Amino acid sequence: MATKLSLLALTDFPLIEPDDDLCELILGALDHQHLALADGDVLVLAQKIVSKAENRYGYLNAITPSVAARELAEKSDKDPRLAELILRESTEVLRVRKGAVIVRHRNGYVHANAGIDQSNISADDANPRVLLLPENPDRSAQHLREKIRACTGIDVRIIINDSAGRPWRTGVTGFAIGSAGFVPLVSRIGAPDLYGRPLEITEIAVADELAAAASFVMGQADEGTPVVLIRGAILQSGDSGSETLIRPIVQDLFR
């Protein structure tokens, strides 16, 4: 996939407001750092700036909790209005404990609280709000890729990343919820190992590996660097999005 990678966070990136043009802001940040895009570059964007630009805010005072939401809030010790948003963004509640609701998001991935978050968004006690995941992250990634190509003539790859915990490990790590311009899941089944034996089950979640690397550079708190430029990744061009990374339910051993 690569013998050498460079990862560079775009500094002094502005705070994002609804309807901001991410293409324009990214190109401006690159120019500020005297950087020029090249074919094959990967741009990794934090989910939050995509959601903010798409105005994916949920205003709690405008939410009327359902009976199911009130029951979920009681079990999870959450605001019933937040519980209602979690249910609206999900297709299935998988696990509940105090402080956490694990669901299958309507885009397919398993996520705590349907990815709804209050961190790194401005607070308003009179009108509290939360941030939802993008409506369709793969579509958002493809739209940004096309716009960058129209503006620059450069063919870049896009990843929208988020962070999540895993049932078998402690801590959060970055993963791709949206991608465009490359094959995010690469099969190595049939390829020989060092001793010539064919690999039987190996598939590489390329988009997730790059998303995690970018998350390490972005940080998780007040760093303010939500876009990372990755250079040197050798990727297969393709039109499939990050939905190929979602394990089919029939293969889910943790249900």
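**Two sheets, two cores and a few ring contacts**

In this predicted model, V44 stands opposite V228 in β12. Residues are numbered from 1 along each chain as its sequence is written, and side-chain values rest on heavy atoms, with hydrogens and water left out. As the model is predicted, local features need pLDDT of at least 70 and side-chain atom pairs count only at pLDDT 80 or more, while totals for chains, interfaces and linings use all residues.

The V44 and V228 match belongs to the pairing of β2 with β12, which is antiparallel and runs over four bridges. Here two strands pair if DSSP finds at least two bridges between them; helices (H or I, at least four residues) and strands (E, at least two) are DSSP runs, numbered from the N terminus. Both strands sit in an open sheet of five, ordered β1-β12-β2-β8-β9, with mixed pairing. β1 (6–9) and β9 are at the edges with a single partner strand each, so one side of each is left without a neighbour in the sheet. From one strand to the next, the twist averages 30 degrees; axes are lines fitted to C-alpha atoms, for helices over the stretch in contact, and angles run from 0 to 180 degrees between N-to-C directions.

At the β9 end of this sheet, β8 and β9 pair in the antiparallel sense over nine bridges. A hairpin joins β8 to β9 through two residues, and R166 has R169 in β9 as its bridge partner. Helix α6 (residues 206–218) lies across β1, β2, β8, β9 and β12, running at about 115 degrees to β9. Contact, for helices and residues alike, means heavy atoms within 4.5 Å.

Next come the nonpolar cores. A nonpolar core is a set of buried Ala, Val, Leu, Ile, Met, Phe, Trp, Tyr and Cys residues joined through side-chain atoms within 4.5 Å, where buried means under 20% relative accessible area, exposed over 50% and partly exposed in between (1.4 Å probe, protein chains only). The largest core has 29 residues, and I26, L43 and L45 have the most contacts inside it. At least two residues each come from α1 (22–32), β2 (42–46), α2, α5 (137–152), β8 (157–166), β9 and β12 (227–231). With five residues, α1 gives the most to this core. Take L45: neighbours within four places in sequence aside, its contacts include L22, I26, L144, I158, M218 and V227. Apart from this core lies another, of 19 residues, among them I159, V183, V186 and A233.

Helix α2 (residues 47–53) also holds S51, which is buried at a relative accessible area of 0%. Beyond its neighbours within four places in sequence, S51 is in contact with R56, L131, L132, L133 and P134. S51 and G238 are 187 residues apart in sequence and 25 Å apart in space, C-alpha to C-alpha.

The other sheet is an open one of three strands, ordered β4-β5-β6, with antiparallel pairing. Its edge strands are β4 (90–97) and β6 (110–112), each pairing on one side only, and the twist averages 25 degrees from one strand to the next. β4 and β5 (residues 100–105) pair over six bridges, with E92 opposite R104 in β5. Helix α3 (residues 67–76) lies across β4 and β5 at about 30 degrees to β4. Helix α4 (residues 80–88) packs on the sheet too, touching β4 and β5, and its direction makes about 130 degrees with that of β4.

As for the rings, the count comes to two aromatic pairs. Rings of Phe, Tyr and Trp (its six-membered ring) pair if their centres lie within 6.5 Å; planes under 30 degrees apart count as stacked, over 60 as edge-to-face and the rest as tilted. The Y57 and Y59 rings have centres 6.3 Å apart and planes at 45 degrees, so this pair is tilted. Y57 is buried at 12% relative accessible area, whereas Y59 is partly exposed at 32%. The rings of Y109 and F175 have centres 6.3 Å apart and planes at 80 degrees, so this pair is edge-to-face. Y109 lies in the loop between β5 and β6 and F175 in β9 (residues 169–180), so the pair ties together parts that are 66 residues apart in sequence. Y109 is buried at 9% relative accessible area, and F175 counts as buried at 14%.

Y57 turns up once more: R129 lies over the face of its ring, at 3.9 Å from the ring centre. A charge sits over a ring if NZ of Lys or CZ of Arg is within 6 Å of the ring centre and within 35 degrees of the ring normal.
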